[in-house]
Amino acid sequence: MVKAEIIKHHLDFMEFACFLLTLDKWLLRKPISEGKWSSVEIIGHLAAWDEFVLRDRIPYFFRRNAFPAGPDVVIFNEQAALTAREIEVIFVIDAFLNGRIQLVEWLREIPRELWFAEIKINQSTLTLSSYFKGLMEHDLHHMGQIKRIIKC
């Protein structure tokens, strides 16, 4: 996958997040289905993972240092959802937008030759391209969930 596609995805998702601010807050706080997160909790979850990528992945991509251990996913996700439940919708979306701006800026600076260079994260060997493609697919899954609940 080419870098421009990933960057476009992030910009499109940022635009979608801005659109969410125009909706009734009760709709954004409504669970996507019984026992599931709300749209704002999903956005909060994505913002938390973006922060993790910016802090604990990007600085290590092309160094010989070992990557910091990833968090316990269940606990990390639940904490992100809890935080999103406790603060204003605008602050959750603002945190998401700020993280995405940083990701896009970083992606724009990556030289083409490094985009397909292999990196090793713990026991996995992949490329930046495949790493960010996986994150994009995760985003698209959640965007689909949000679109279904807001009927967009």
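Here are three short exercises with worked solutions on the predicted model above.

**Exercise 1. How do helix H1 and helix H7 lie relative to each other, and which residues meet?**

Let's begin with the geometry. Two packed helices are described by the angle between their axes and the distance between the axes. For H1 (residues 3–20) and H7 (residues 128–150), the axes come within 11 Å and cross at roughly 25°. Angles under 35 degrees count as roughly parallel, and H1 and H7 are therefore roughly parallel to each other. As for handedness, H1 passes H7 in a left-handed crossing.

Next, look at the side of each helix that takes part. H1 brings residues including Ile6, His9, Phe13 and Phe16, while H7 brings, among them, Phe132, Met136, Asp139 and Leu140. Sorted by character, the residues of this contact between H1 and H7 comprise 11 nonpolar, two polar and four charged.

**Exercise 2. Is Asp139 buried or exposed, and which residues is Asp139 in contact with?**

First, find Asp139 in helix H7. Then check its relative accessible area, which is 2%. Buried means under 20%, so Asp139 is buried. Finally, set aside its neighbours within four places in sequence: Asp139 is then in contact with His9, His10, Phe13, Leu46 and Arg100.

**Exercise 3. In what sense do strands E1 and E2 pair, and which residue of the hairpin takes a positive phi?**

Start with the strands themselves: E1 (residues 118–121) and E2 (residues 124–127) pair in the antiparallel sense, over four bridges. Now move to the turn end, where Ile121 stands opposite Ser124 in E2. The hairpin has two residues between the strands, and Asn122 takes a positive phi near 55°.

Conventions: Residues are numbered from 1 along each chain as its sequence is written. This is a predicted model: local features need pLDDT of at least 70, side-chain atom pairs count only at pLDDT 80 or more; totals for chains, interfaces and linings use all residues. Side-chain values use heavy atoms; hydrogens and water are left out. Axes are lines fitted to C-alpha atoms, for helices over the stretch in contact, and angles run from 0 to 180 degrees between N-to-C directions. Angles under 35 degrees count as roughly parallel, over 145 as roughly antiparallel, 65 to 115 as roughly perpendicular and the rest as oblique. A crossing is left-handed if the near helix is turned anticlockwise from the far one by less than a right angle, and right-handed if clockwise. Contact means heavy atoms within 4.5 Å. Ala, Val, Leu, Ile, Met, Phe, Trp, Tyr, Cys and Pro count as nonpolar, Asp, Glu, Lys and Arg as charged, and the others, Gly among them, as polar. Two strands pair if DSSP finds at least two bridges between them. Buried means under 20% relative accessible area, exposed over 50%, partly exposed in between (1.4 Å probe, protein chains only).
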